[in-house]
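This report addresses the surroundings of the ligand and the sheet beside which part of those surroundings is built. The ligand is treated before the strands.

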Amino acid sequence: MSTDSRLIIVSNRLPFRFTERDGHVQAIPSSGGLVSSIGSYLDRKPGGSGLSEGRPVWVGATELRTRRLAKTLSTDSSLAKGPYEVRAVALPDATRDRHYNGFSNDTLWPLFHYFPSLVRYEQDWFDHYRAANSLFLQTLEKTVRPGDRVWIHDYHLMLLPAMLRRKFPSLAIAFFMHIPFPSYEVFRLLPDPWRRELLEGVLGADLAGFQTHDSAQYFLKSVQQLLGADLDLRTVRSHAHSTVVDAFPVSIDPAKFRDAFDDHAVVSEKNQIRKDMAHRKLVLSVDRLDYTKGVLQRLQGFEQFFEDHPEMTGKVTYLLLIVPSRDAMTKYRELKDRIEAAVGRINGRIGRVDWQPVIYQYRSVDHKKLCALYDAADVALITPLRDGMNLVAKEYVAARKDRRGVLILSETAGAAHELGGALIINPTDRQAISAALHRALDMSAEEQNQRMGEMQIRLGRYDVVRWAEDLLGQLDGAVALRRQLRVKEVTCLLYTSPSPRDGLLSRMPSSA
Ligand code: ADQ
């Protein structure tokens, strides 16, 4: 590998959105799991990784028109001097809409999170999904240099690895899926041409990473059943190409949350929150607005808690913090209305003049405020119906330098595989949520300390840098394996083909 090789991150969106005030465009950092994880990694490792030295590049789509974007990028100092360079992909409005709101978020997102009844199957959306992936390819063609490593992220870009492979046969390409990959029986619900193209798309990468061992296995099973590919344990082989498939549970930078515990502004914000709560017990949840996060079922569980334990009336407050997301989609606007109606109903039914059981906030908060909330909460109630990982659960654990607080976590979040010190529940079972709340609020300080300590050790061992470097290290191994296979293939063709030249040419990628 050349020493000035760069890490190229590719994700559907750039890690910020733009707002315009008085004719001046400003970049505002966005919230969400992908941005939190990659952003934390690049902050900690400005060189991109221990192995590469060039400044990393982040490629993603943006809603800003190209000329305004170019101006903003060169004048906004946080972007111009940030830990990475930015390359924007321009998508026409119709393609952006059908790629993002359509196929990505109304087909793949519900299917991969096991909501098949919400899935819409529209050929036109799939065509725009392919077109959007091709437009990313066009930007990458102008960006990639020999020796670079390209790391493509998430379900919006599943066709891109193969498109890129056709153009750059020897490029190091990794793909990472932030959401679950569903079981074969669910994945096969997609029409055959789409599901094949999606699988073949991912197989263009040298390394395909998933959040959990289950997701990696489900992907391999789909590849075997639908493409009839050759598997060698966790490697998919075809002629001179191979893809290594493995699990890399995404993580956080724990120090970012732990160190905030003693920060003056965070401490005074935490004290203010506790005062505002009138020293009642505080239950907290933090989610993006999404039906996969199980907010309605969680509210039912919270209400059930007061039915099971009427003596707790007036003694516990639940702060439900939701960050706006995908609000251009009807399903999400309807979900927001339903959450607001449920909060209103619970507060109307069991609230008192001096006590509101649920405090609901629909906004993004900054890092210090988020840490103050984590530090003030007696319980974090994280109950997604399905989640690739769930970083909020890890952030809460990392933030609690005092080793107090209890995490209640769904068994269907990827994080449940690592955070054994949590109280693990089934998110649709309101009795289980109620019982876990009771146990958490009643838990001794010693038990809290022991459970938190256990989970913090795990987070310390496998943080976001370990996650990224583990994946990039395996990428290098996977590239070496592919090169070996290519050598073997060429040797084999030379010795077995009646006309070696014809045999070789028929296997060569056209643009090699
Ligand atoms: P998300 O679905 O976005 O991520 P999650 O992992 O919980 O879910 O990450 C959310 C991030 O947004 C966290 O870092 C959290 O702090 C932040 N956040 C949430 N609400 C906020 C608010 N109101 N204000 C400010 N920040 C807020 C996707 C997958 C997950 C996977 C991640 C990373 O769906 O399963 O864990 O990618 O791979």
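In this predicted model, a polar backbone atom of Gly32 lies 3.4 Å from an oxygen atom of the ligand. Lys293 and Met389 also place polar atoms by ligand oxygen atoms, the former through its side chain and the latter through its backbone. The distances are set out below.

| Residue | Polar atom of the protein | Distance to a ligand oxygen atom |
|---|---|---|
| Gly32 | backbone | 3.4 Å |
| Lys293 | side-chain N or O | 3.0 Å |
| Met389 | backbone N or O | 2.8 Å |

The ligand taken alone exposes 720 Å², of which the protein buries 95%. Two or more residues of the surrounding shell come from each of α1 (33-44), β12 (281-288), β13 (316-323), α14 (367-376) and α15 (391-399). There are 27 residues around the ligand, and those that come nearest are Ser36, His178, Asp387, Met389 and Glu395. The shell comprises 12 nonpolar, 9 polar and 6 charged residues.

Two of the strands that contribute to the shell, β12 and β13, belong to an open sheet of 6 strands with parallel pairing, ordered β14-β13-β12-β15-β16-β17. Its edges are β14 (358-362) and β17 (423-425), each of which pairs on one side only. From one strand to the next, the twist averages 20 degrees.

The parallel pairing of β12 with β13 extends over 8 bridges; Asp287 has Ile322 of β13 as its bridge partner. Helix α15 packs on the sheet and touches β12, β15 (379-382) and β16 (406-410). The directions of α15 and β16 make an angle of about 165 degrees.

Technical notes:
Residues numbered from 1 in each chain as written. Predicted model: local features only at pLDDT ≥ 70, side-chain atom pairs only at ≥ 80, totals over all residues. Heavy atoms only, no water. Near = heavy atom within 4 Å. Polar contact = N/O pair within 3.5 Å; in protein donor to acceptor, adjacent residues only side chain to side chain. Areas by Shrake-Rupley, 256 points an atom, 1.4 Å probe, with all protein chains shown as cover. Helix = DSSP H or I, 4+ residues; strand = E, 2+ residues; numbered from the N terminus. Nonpolar A, V, L, I, M, F, W, Y, C, P; charged D, E, K, R; others polar. Pairing = 2+ DSSP bridges. Axes fitted to C-alpha atoms, helices over the stretch in contact; angles between N-to-C directions. Contact = heavy atoms within 4.5 Å.
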